[in-house]
Each structure stands twice: as structure tokens, then as C-alpha cells.
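Hello,

Here is the structure I promised to pass on. Please have a look at it first; my notes follow below.

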Amino acid sequence: MKMMRLALVGAVMIVALLDLPSRGAAAELVMFEEDGCPWCAVWNREIAPIYPKTAEGQRAPLRRVDLHGTWPADLPELKAVRYTPTFVLIEGGREIGRIQGYPGEDFFWGLLAGLIEQMDPLVAPQPASSGGQ
């Protein structure tokens with residue numbers, strides 16, 4: 001009887017662990033960019049060096065996609081992107097929201113924080129950094 005209970009508890013734990021990726025699926029910030037994009041260059045200068053060090057960068061690591069390259073196979077449902085840079089916050093394969101263009105450092109962090117607040121509440125929220133400052 002005790003062995004059966006232990007086996008049942010073990011099975012439940014395994015199922016729960018296997019279910020974690022679907023509930024707490026990793027988020028990512030997909031940056032669509034293109035060669036010669038002046039606003040991409042400004043973002044790369046102002047934000048790119050600090051982004052991975054921020055709470056936002058930890059919660060939603062950056063993924064770069066060339067606007068004119070191959071469309072990411074894992075994002076077939078994503079609406080078309082026409083302008084660069086466009087930042088799309090993805091969680092569990094679905095779009096949470098996007099930022100079209102680069103509005104400057106102060107506005108970027110505020111807009112991104114608003115998108116992150118909309119993410120799956122089953123994933124423990126991280127405090128927003130103040131733009132790495």
C-alpha cells in the first residue's frame with residue numbers, strides 16, 4: 001500500500017514537471033531588424049548592451065530576426081512585421097504585444113514594462129528594472 005502511494009505521488013510529480021513548460025513557457029522579445037535601419041542602430045547603441053542585464057532581459061531574452069530573412073518556423077501565427085525595429089513580446093508561442101519603432105530609451109522601457117505586465121500570471125512576475133539604471 002505504501003509503495004503504491006509513493007508510486008502515485010511520483011507519477012503525479014512527473015506529470016506536474018512535464019506540464020511546467022506549457023504553463024510557464026519561456027518568454028522572449030523578438031526584435032525584427034534590417035541592415036541600414038538607423039533606429040535599429042540607435043537601439044543597439046542605447047539598449048542592447050544593458051538589455052540582458054535587466055530584469056526585463058532576464059524575463060524575456062532578446063531574439064533577433066532579420067526582417068528580410070526566413071520567417072521563424074516557430075512563430076507561424078505571428079502577424080506580419082513591416083517596420084524596423086519592431087519588438088514583439090512572445091510567451092508560449094503567442095504574441096503578448098509589440099512595440100513598433102524605437103521611441104527612445106525612456107519610452108521603450110515603459111512600453112516594455114506594460115507588455116511584460118500582460119504576460120501569463122502563472123509565471124512569477126519579476127520586478128521591472130528602471131532601464132538598467
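Methionine 31 of strand 1 has arginine 64 as its bridge partner in strand 2. These two strands pair in the parallel sense, over 5 bridges. Please keep in mind that this is a predicted model.

Strand 1 has another partner. It is joined to strand 3 by 6 bridges, and here the strands run antiparallel. Alanine 27, for instance, has its bridge partner in strand 3, at glutamate 91. Strand 3 (residues 86–91) is also joined to strand 4 by 6 bridges, again antiparallel. There, threonine 86 is matched with glutamine 100 of strand 4.

Put together, this gives an open sheet of 4 strands. The order is 2-1-3-4, and the pairing is mixed. Strand 2 (62–66) and strand 4 (94–100) stand at the edges. Each has a single partner strand, so one side of each has no neighbour in the sheet. On average, neighbouring strands are turned by 25° against each other, direction ignored.

Is strand 1 buried or exposed? 7 of its 7 residues are buried, so the strand is largely enclosed by the rest of the structure. In a regular strand, side chains alternate between the two faces of the sheet. In strand 1, Ala27, Leu29, Met31 and Glu33 point one way. Glu28, Val30 and Phe32 point the other way, and all of these residues are buried.

Glutamate 28 deserves a look of its own. Its side chain makes a polar contact of 2.7 Å with the side chain of arginine 63. Leaving aside residues up to four places away in sequence, glutamate 28 touches Ala60, Pro61, Arg63, Asp74, Val88, Leu89 and Ile90.

Now the helices. Helix 2 (residues 38–46) lies across strand 1 (27–33), strand 2 and strand 3. Helix 2 runs at about 135° to strand 1. Helix 4 (residues 105–117) lies across strand 1, strand 3 and strand 4. Its angle to strand 4 is about 165°.

One residue of helix 4 to check is glutamate 105. Its relative accessible area is 23%, so glutamate 105 counts as partly exposed. How far apart are the C-alpha atoms of glutamate 105 and valine 42? They are separated by 9.5 Å, while the two residues are 63 residues apart along the chain.

Over to you.

Best regards

Definitions and conventions: Residues are numbered from 1 along each chain as its sequence is written. This is a predicted model: local features need pLDDT of at least 70, side-chain atom pairs count only at pLDDT 80 or more; totals for chains, interfaces and linings use all residues. Side-chain values use heavy atoms; hydrogens and water are left out. Two strands pair if DSSP finds at least two bridges between them. Axes are lines fitted to C-alpha atoms, for helices over the stretch in contact, and angles run from 0 to 180 degrees between N-to-C directions. Contact means heavy atoms within 4.5 Å. A polar contact is a pair of N or O atoms within 3.5 Å; within protein, one must be able to donate a hydrogen and the other to accept it, and residues adjacent in sequence count only if both atoms are side-chain atoms. Buried means under 20% relative accessible area, exposed over 50%, partly exposed in between (1.4 Å probe, protein chains only).
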